Amino acid sequence: MTLQRAGMGSGTLDLRVGETVEVLGEAEIMATLDERGELDALPFMPEMLAFCGRRLTVHKVAHKLCDTISGSGMRRMERAVHLTGARCDGQAHGGCQTACQFYWKESWLKRVDPDSPLTPVTEHDLAAGRPLLPILQAATRKEPGPGGEERFSCQATELLRAAPTCLPLKDVGQYVADVRTGNVGVPWMLRSFLVGLFNRFQQASRRVLPRWLWIRGGLRWGFVRGKAGPTTPTRTLDLRPGELVRVRSKEEILQTLNDDLLNRGMGFEEEMSRYCGHVARVSARVERCLDEKTGRMLHMKNPCIVLDGVICAGAYNVSCPREFVPFWREIWLERVEEPS
């Protein structure tokens, strides 16, 4: 069975946050994909098939994203959105627990009135079976690594191909799009731009100014500096889903980080420092996740913790809408008593 060439999808919907969309049926989506199951180099993943025919609201317009593979900064994404409640469960990717938000190309969606009846499933749809599933399953694997280890392919590993154009800080259009689409309000946009400008200045000052002229040691906004030295401490709490915890103070967490802001290989970023003192419930214990650079499955000797409702909001990263789910070392958390 031959799929159409990528880029052959329907026109632009120009979606906004809060709008209701219906995910197209499998046959309609199949018609937009190339032989690798991709549209504009963005894979449609097996985990996304469960949403075909369902109605969801636009959570964020994914017109840009932060590059966590090569560190090139922000990159431009064309005609894509994130949908509310649509995160990857990793079932087709070795049980990866990163819980990334799916990218949905507008060609895979249609705008609908939330009060209109659902599109009925026809006998033709039922007779068609699942022709797309084998193609998508095959596309979840890359060539084995040098040691023969299994390597995976997903939207996160292929984002540099799907978003090949860098988006400079001075590109005013991205800030207009942030507000126009409803991703953020004007005050949030202005703050994130100023933070980005400050970080750019800090980067330049470390390169050209003497150390005594650096502001706050030349650190990025959030001012996170590891103080533990080369050997970082550990602590085991054996936290379980449903337990209530508090993120420790920033100063306490800095004492657990090395110069690269790592605790036994796990990074603590400036964005995470915004949650210091925050109380939340444990959502999951994370034992495995995909390495976006290589596609290898990483198995954690010491599981990390995911907290319910805690995401990277892009406040310190130019309003990036990806909304990563941060991983927390148990040493960064403390149990708190349940409210009476």
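What covers the buried residues of α5? In this predicted model, the cover includes β5 (64-66) and α6. Helix α5 itself spans residues 172-180, and Gln 174, Tyr 175, Ala 177 and Asp 178 are its buried members. Viewed down the axis of α5, these buried residues fall within an arc of 160°, so they line one face of the helix. Both ends of the helix offer a detail worth a look. At the start of α5, Asp 171 brings a side-chain oxygen to within 2.9 Å of the backbone nitrogen of Gly 173. After the helix comes Gly 182, with a positive phi near 90°.

Helix α6, part of the cover over α5, runs through residues 186-208 and holds Gln 202. The relative accessible area of Gln 202 is 0%, so this residue is buried, the cut-off being under 20%. Its polar side chain is not without a partner: the side chain of Gln 202 reaches the backbone oxygen of Leu 219 at 2.7 Å. Leu 219 also appears among the residues that Gln 202 touches, together with Ile 215 and Gly 218, once residues up to four places away in sequence are set aside. In the loop between α6 and β11 (244-247) sits Gly 217. With a relative accessible area of 30%, Gly 217 is partly exposed, because that value lies between the 20% and 50% limits. From Gly 217 to Tyr 275, the C-alpha atoms are 22 Å apart in space, for a separation of 58 residues in sequence.

Attention now turns to the nonpolar interior. In soluble globular proteins, nonpolar side chains tend to be buried together. Here the largest nonpolar core has 74 residues, and those with the most contacts inside it are Phe 44, Leu 83, Trp 104, Leu 307 and Trp 328. The element that gives the most to this core is strand β15 (residues 297-307), with six residues. Apart from this core lies another, of nine residues, among them Cys 66, Leu 169, Tyr 175 and Met 189. Tyr 175 has already been met as one of the buried residues of α5.

Two of the residues with the most contacts in the largest core, Trp 328 and Leu 307, also touch each other. Beyond neighbours up to four places away in sequence, Trp 328 touches Val 247, Phe 268, Met 272, Tyr 275, Cys 304, Ile 305, Leu 307, Val 310 and Leu 333. Another view of the interior comes from Leu 109, placed in strand β9 (residues 109-111). Leu 109 has a relative accessible area of 2% and is therefore buried. Leaving aside neighbours within four places in sequence, Leu 109 is in contact with Leu 13, Leu 15, Val 21, Glu 22, Val 23, Leu 24, Val 81, Leu 83 and Trp 104. Leu 83 and Trp 104 in that list are also among the residues with the most contacts in the largest core. By contrast, the C-alpha atoms of Leu 109 and Ile 215 are separated by 47 Å, with their positions 106 residues apart along the chain.

Thr 32 lies in the loop between α1 (26-30) and β2 (38-39). A relative accessible area of 5% makes Thr 32 buried. A polar contact of 2.9 Å joins the side chain of Thr 32 to the side chain of Trp 108.

The backbone also holds some angles that invite inspection. Most residues other than glycine have a negative phi. Asp 14, although not a glycine, has a positive phi of about 55°. Asp 14 is found in the segment before β1 (20-23), and its relative accessibility of 39% counts as partly exposed. A positive phi, near 50°, is also found at Arg 79, again a residue other than glycine. Arg 79 belongs to the loop between β6 (74-76) and β7 (80-83), and at 41% relative accessibility it counts as partly exposed.

Finally, there is the matter of enclosed space. Searching the whole structure finds two cavities of 30 Å³ or more. The largest cavity contains about 230 Å³ of space. Its lining comprises 21 residues, of which Thr 98, Cys 100, Gln 101, Cys 154 and Ala 156 are the closest to its centre.

How values were computed: Residues are numbered from 1 along each chain as its sequence is written. This is a predicted model: local features need pLDDT of at least 70, side-chain atom pairs count only at pLDDT 80 or more; totals for chains, interfaces and linings use all residues. Side-chain values use heavy atoms; hydrogens and water are left out. Helices (H or I, at least four residues) and strands (E, at least two) are DSSP runs, numbered from the N terminus. Buried means under 20% relative accessible area, exposed over 50%, partly exposed in between (1.4 Å probe, protein chains only). A polar contact is a pair of N or O atoms within 3.5 Å; within protein, one must be able to donate a hydrogen and the other to accept it, and residues adjacent in sequence count only if both atoms are side-chain atoms. Contact means heavy atoms within 4.5 Å. A nonpolar core is a set of buried Ala, Val, Leu, Ile, Met, Phe, Trp, Tyr and Cys residues joined through side-chain atoms within 4.5 Å. The arc is that of the directions from the helix axis to the C-beta atoms. On a 1 Å grid over the protein atoms alone, a cavity is a set of points where a 1.4 Å probe fits but cannot get out, and a pocket is an open set with protein on both sides within 12 Å along at least five of seven lines; lining residues have an atom within 4 Å of a point. Grid points are joined across faces, edges and corners, and a volume is the space filled by probe spheres set on the points.
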